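I opened the file to look up a few things and keep notes on them. The entries follow in the order in which I looked.

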Amino acid sequence: TATDPAPLTMIETTIQFKPKSEWPAGMTLQKVIDNLNQKIQFPGLNNAWVMPIKTRIDMQTTGIQTPVGVKITGPDLHQIDRIGKQVEAVLQTVPGTQTAYADRTNGGRYIEITPDRIKAARFGLNIGEIQDVISSAVGGVEVTQTVEGLERFPVSIRYPRADRDSVSKLKDLPIVTPTGATVALGQIATVQVTDGPPMIRSEDSRPAGFVFVTTYLQRATERLKQVVPLTLAIIFVLLFLIFRHGGKASLIMVTLPFALVGGFWLLWALGFELSIAVAVGFIALAGVAAEFGVVMLIYLDHAIEDRRRAGRLNTRTDLRDAIMEGAVLRVRPKAMTVAVILAGLIPILVGHGTGSEVMSRIAAPMIGGMITAPLLSMLLLPAVYWLWQRRHLPAG
């Protein structure tokens with residue numbers, strides 16, 4: 001875009017994928033990126049595999065096209081370049097860093113023309129006249145405009161590219177002196193190729209250099225270490241408010257990990273790696289599994305309370321019959337709940353298109369958990385509840 005100047009060292013390539021039905025068996029987006037990283041390694045360039053719109057937004061807001069970056073500001077570009085290389089070397093050793101590359105502030109090549117005031121004065125020329133000739137011959141000068149209907153186009157003239165790109169031919173550029181004589185540019189100026197910055201970045205009106213960093217999930221992992229315990233704590237508080245009994249709330253929390261096993265099985269079968277989307281799916285699965293356990297305990301408590309009021313809860317056999325009665329009442333509602341969840345999430349898991357990469361990883365843990373979570377609430381939870389409550393009753 002016109003507001004996004006880019007140096008020659010930044011190359012943008014857009015890759016448009018074929019439908020996933022045409023991909024080789026077992027191929028994933030991460031495997032495509034890994035293969036490209038192995039085959040595309042250019043000295044002085046850093047690979048950043050991001051979505052086009054996200055890249056544009058990041059560059060417009062921060063100037064950095066990678067997820068993480070470091071900005072170095074100061075008055076001297078050479079010092080910025082030196083510090084940037086040092087930061088690059090340090091970041092490459094940081095755990096979680098995939099690539100780190102410091103933008104080279106001195107990687108440009110320029111043809112530099114430096115007039116010699118003394119030599120120019122001998123021919124009666126001043127610096128302004130020399131610069132006018134150079135700007136018109138190399139940069140071009142507008143001589144007229146062409147009018148075509150309601151449109152106007154400027155007409156500029158300058159030397160052909162073959163002459164402008166050649167140092168030797170620029171030295172032969174003729175300059176007419178005030179006396180009418182002709183002198184070559186090389187006689188009154190130094191023409192040479194020099195190094196310089198390919199692009200001068202600025203931050204708060206000071207020259208700046210960027211270090212581009214591609215990470216893994218380091219920052220997100222740290223955030224999840226806080227979110228997951230907080231989520232479990234909230235679930236426990238809600239369970240305690242429901243039952244007003246710490247033992248029952250703890251019973252559901254202790255058996256909760258067994259409900260997540262199916263999610264891990266399905267992730268392994270699909271070849272999905274742990275990511276933020278997968279973690280979100282497991283958090284949602286934990287909530288659903290806790291809900292299953294709450295409803296099951298409520299049914300068990302009601303069945304036991306009904307037998308106690310009828311005077312038929314005297315032995316462990318009576319307790320077992322009450323638990324069986326309460327658990328059986330939950331089979332049909334549980335099957336309906338699982339069927340509805342599977343019907344809603346399976347299309348997301350197998351779907352393709354924009355956003356499917358993230359949504360499928362959110363749905364996968366919940367679909368896998370719908371295998372083990374119902375088994376937990378219908379088999380394991382009643383069994384643990386039986387072992388807990390039988391202590392208060394005699395055998396028989």
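**Helix H14**

I began with the buried residues of H14, which are Lys-334, Val-338, Ile-341, Leu-345 and Leu-349. I note for all entries that the model is predicted. I then looked up what these buried residues pack against, and found helix H11 (261-270), helix H12 (276-309) and helix H15 (356-389).

Next I checked the length of H14. The helix runs over residues 331-350, and at 1.5 Å a residue its 20 residues should span 28 Å. I find its end C-alpha atoms 28 Å apart, so the two values agree. I also looked for a bend: H14 turns by about 25 degrees at Gly-344, and Pro-347 follows within four residues.

**Overall counts**

I looked up the totals for the protein. I have 15 helices and 10 strands, and 33% of the 396 residues count as buried. For contacts between residues at least 6 apart in sequence, I note that 69% join residues at least 24 apart.

**Nonpolar cores**

In soluble globular proteins, nonpolar side chains tend to be buried together. I looked for such groups here. The largest nonpolar core has 44 residues, and those with the most contacts inside it are Leu-239, Leu-297, Leu-300, Ile-304, Met-370 and Tyr-385. I list the elements that give two or more residues to this core as helix H9 (218-243), helix H10 (246-259), H12, helix H13 (316-328), H14 and H15. Which element gives the largest share of this core? I find that it is H12, with 13 residues. Apart from this core I found another, of 13 residues, including Ala-120, Ala-137, Leu-170 and Val-183.

I followed up Met-370. Not counting residues up to four places away in sequence, Met-370 touches Leu-285, Val-288, Phe-292, Val-338, Ile-341 and Leu-342. I recognise two of these contacts, Val-338 and Ile-341, from the buried residues of H14.

**Rings**

I count two aromatic pairs. I looked up one of them, Phe-17 and Trp-23, whose rings lie 5.5 Å centre to centre with 50 degrees between the planes, a tilted pair. Are its members buried or exposed? I have Phe-17 as partly exposed, because its relative accessibility is 42%. Trp-23 is buried, because its relative accessible area is 16%.

I also noted a charge over a ring. The charged end of Arg-361 sits over the ring of Phe-272, 4.1 Å from its centre.

**Arg-244**

Most residues other than glycine have a negative phi. I therefore wrote down Arg-244, which is not a glycine but has a positive phi of about 55 degrees. I place Arg-244 in the loop between H9 and H10. Its relative accessibility is 63%, so I count Arg-244 as exposed.

**Gln-145**

My last entry concerns Gln-145, which I find in strand E4 (residues 141-148). Gln-145 has 43% relative accessibility and therefore counts as partly exposed. Which residues is Gln-145 in contact with, leaving aside its neighbours within four places in sequence? I list Arg-152, Phe-153, Pro-154 and Val-155. For Val-155 I also looked up the backbone: its C-alpha atom is separated by 5.4 Å from that of Gln-145, and the two residues are 10 residues apart along the chain.

Notes. Residues numbered from 1 in each chain as written. Predicted model: local features only at pLDDT ≥ 70, side-chain atom pairs only at ≥ 80, totals over all residues. Heavy atoms only, no water. Expected span 1.5 Å × (residues − 1). Bend = angle between axes of the 7 residues up to and from the residue. Buried < 20%, exposed > 50% of the residue type's maximum accessible area, 1.4 Å probe, protein only. Contact = heavy atoms within 4.5 Å. Core = buried A, V, L, I, M, F, W, Y, C linked by side-chain atoms within 4.5 Å. Phe/Tyr/Trp six-rings, centres within 6.5 Å; stacked < 30°, edge-to-face > 60°. Lys NZ or Arg CZ within 6 Å of the ring centre and 35° of its normal.
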